[in-house]
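Please walk me through this structure, chain by chain, with attention to how its helices pack and how its strands pair.

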Amino acid sequence: MKIKLFKKGDLFVIAAVIAAALAFYFIGRGGSTKPVAEISVDGVTVQTVDLSSVTGRVEITPNDEYNILIVAENGTIRFEHSDCEDKLCVSSGTLSESGDIAVCLPAKTVISVTGSELDAVVY
Amino acid sequence: MRKTTAVIAALAVAVLAIIIAFDAFRSKPLESSFFSMNTLVTAEVEGGEAENCLAEIKSTLENLDYNILSRTAKGSAVYKLNQSGEALLDKQTAEYFSALADISRQSGGAFDFTLGAVSDLWDFGGTPSMPDEAELARALSHSGFEKISIGDSKISLNDKKAVIDFGASGKGIALDSIKACLEANETKRAVVSVGGSVLLYGEGEFAVGIRNPRGGSGSSIATLGITEGCVSTSGSYEQYFEQNGKRYHHIIDPETGYPVDNGLISVTVISESGLLSDALSTACFVLGIEEGSRLAEHYGAKVIFITEDNLIYTEDAVRDIITVTDKNYKFGG
């Protein structure tokens, strides 16, 4: 005699639950790859910018104690001006991809684009 | 609903709840970023006493800077050494300094932590400019590993005009000190970057990008798949200035006092030791591909050279763990 373990309806319920579980799992793990720029001063995040939604020119002055101008424009972000001596932050250029980072050491200000699949970038 | 269908549905819902709960309570890395030793430090620590570990990392780096490596903090060993010609060292610091002196000797002076007076004339990190030739020659005459003596508990200058600067190895020493914090706090897995020199600790494999030497913003040109260890890069793109159409970068050849000009733009070293990876990346940059490879091999380290014409030179063992992700770069030789 042939024993039927599951009926069609049972399989449908199981498949639906597994699909829901997988969806929760991956959404919970932050599967989104949208580039988001985080601006921090002395280790504290002061602003985040969703680069995919930036079209026009957005000016940001994140640091009260240091004259710095950050500009987000057409999906990119950069240090446009800093009063620091070496201007290494300005020469870092434009950031747009996950993992990109630019630092103004004297002003302890960092722009980093989140969402990198790498554990670290060595430089 | 039939009874079996209801039972199966209930079981499936239970499984779903377990998966969600497992994901929520799964150990997640604790992250921190802060400035120390005049650079950016980022740390991701997972397992063990993670919160305590991050606090210890921060205080360890502050102590390392203010008590040992800083050239400007009045209580530091390096400050005292430069001012009075000698400084007392604890056992661990004496070991670090002896190891660096060994790299200096083995590299024939290509790695040189007595170049402080020369670096000061170039003033990278401040307002860099081309130094006066005579001044540069004078500063250079007071450098070289024979200008210092290191004992078990003391370091002294044989030439009082020599200026000690551990700028090319401080980040590596920091990584080794951080490793001790991770071990003490039973950390499961951690990734710590001190100004771009990286410590990979614990379980599993890590994906580490090598910064695009021409990118400027941090995008990488290749990915290394490695287990535990330290990775450091010296690049001519980090600090530089241009004068009369020529670019001058911050990696100084201890033999000439001028920036190294040998066709390299980036050298990455992988080693179990942070001190080795950091100091060797500078030494190998100065020495060039052939001699640099020999030096790295002597210390059991792996080295990746990138040239100005976008060629990557490395040993076969590294080719197995590196993936070039930027089509503008390819293997040479």
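Two residues are taken to be in contact if their C-beta atoms, placed from the backbone, lie within 7 Å. By that criterion, among the contacts in chain B between residues at least 6 apart in sequence, 58% join residues at least 24 apart. In chain A, counted in that way, 29% of the contacts between residues at least 6 apart join residues at least 24 apart. The model is a predicted one.

Chain B has 333 residues, of which 46% count as buried. Its secondary structure consists of 10 helices and 17 strands. Along the principal axes, the C-alpha atoms of chain B fill a box of roughly 95 × 45 × 35 Å. Chain A has 123 residues, and buried residues make up 31% of them. There are 2 helices and 8 strands in chain A. Read from the N terminus, the elements of chain A follow the order α-β-β-β-β-β-α-β-β-β.

A sheet in chain A can be taken next. Strands of a sheet pair through backbone hydrogen bonds, in either a parallel or an antiparallel sense. In chain A, 3 strands form an open sheet with the order β3-β4-β5, and the pairing is antiparallel. Its edge strands are β3 (57–60) and β5 (76–82) of chain A, each of which pairs on one side only. On average, with direction ignored, neighbouring strands of this sheet are turned by 25 degrees against each other. Strand β4 of chain A covers residues 68–73 and pairs with β5(A) in the antiparallel sense over 6 bridges. Within this part of the sheet, Val71(A) stands opposite Arg78(A), a residue of β5(A).

The rest of the tour concerns helix packing in chain B. Helix α2 (50–69) of chain B follows a loop that comes after β2 (39–46), and Gly48(B) has its place in that loop. Is Gly48(B) buried, exposed or partly exposed? Burial requires 20 or more other C-beta atoms within 10 Å. Gly48(B) has 19 other C-beta atoms within 10 Å and is therefore partly exposed. Leaving aside neighbours within four places in sequence, Gly48(B) is in contact with Cys53(B), Asn185(B), Glu186(B), Thr187(B) and Lys188(B). One of these partners, Lys188(B), is 140 residues away from Gly48(B) in sequence, yet the two C-alpha atoms are 6.5 Å apart in space.

Helix α2(B) itself packs on helix α7 (residues 170–184) of chain B, at an angle of about 140 degrees and with the axes 9 Å apart. Angles over 145 degrees count as roughly antiparallel. At this angle, α2(B) is therefore oblique to α7(B). The crossing of the two helices, α2(B) and α7(B), is right-handed. From α2(B), the contact is made by Cys53(B), Glu56(B), Ile57(B), Thr60(B), Leu61(B), Leu64(B) and Leu69(B). The residues of α7(B) that take part are Gly170(B), Ile173(B), Ala174(B), Ser177(B), Ile178(B), Cys181(B) and Leu182(B). By class, the contact of α2(B) with α7(B) has 10 nonpolar, 3 polar and 1 charged residues. Cys53(B) thus appears in this contact and also among the contacts of Gly48(B).

Another packing in chain B involves helix α4 (residues 91–106) and α8(B), which meet at an angle of about 30 degrees with their axes 11 Å apart. The two helices α4(B) and α8(B) are therefore roughly parallel to each other. α4(B) passes α8(B) in a right-handed crossing. On the α4(B) side the contact uses Tyr96(B), Ala99(B), Leu100(B) and Ile103(B), and on the α8(B) side Leu275(B), Ala279(B), Leu280(B) and Ala283(B). By class, these residues divide into 8 nonpolar, no polar and no charged.

Helix α8 (residues 274–287) of chain B also packs against helix α9 (residues 289–298) of chain B, where the axes come within 7 Å and cross at roughly 150 degrees. That angle makes α8(B) roughly antiparallel to α9(B). Here too the crossing, of α8(B) past α9(B), is right-handed. Leu280(B), Ala283(B), Cys284(B) and Leu287(B) of α8(B) meet Glu291(B), Gly292(B), Leu295(B) and Ala296(B) of α9(B). The contact of α8(B) with α9(B) has 6 nonpolar, 1 polar and 1 charged residues. Leu280(B) and Ala283(B) of α8(B) take part in the contact with α9(B) as well as in the contact with α4(B).

Definitions and conventions. Residues are numbered from 1 along each chain as its sequence is written. Chains are lettered from A and ligands numbered from 1 in the order in which they are written. This is a predicted model: local features need pLDDT of at least 70, side-chain atom pairs count only at pLDDT 80 or more; totals for chains, interfaces and linings use all residues. Helices (H or I, at least four residues) and strands (E, at least two) are DSSP runs, numbered from the N terminus. A residue is buried if 20 or more other C-beta atoms lie within 10 Å of its own, exposed if 12 or fewer, and partly exposed in between; C-beta atoms are placed from the backbone. Two strands pair if DSSP finds at least two bridges between them. Axes are lines fitted to C-alpha atoms, for helices over the stretch in contact, and angles run from 0 to 180 degrees between N-to-C directions. Angles under 35 degrees count as roughly parallel, over 145 as roughly antiparallel, 65 to 115 as roughly perpendicular and the rest as oblique. A crossing is left-handed if the near helix is turned anticlockwise from the far one by less than a right angle, and right-handed if clockwise. Ala, Val, Leu, Ile, Met, Phe, Trp, Tyr, Cys and Pro count as nonpolar, Asp, Glu, Lys and Arg as charged, and the others, Gly among them, as polar.
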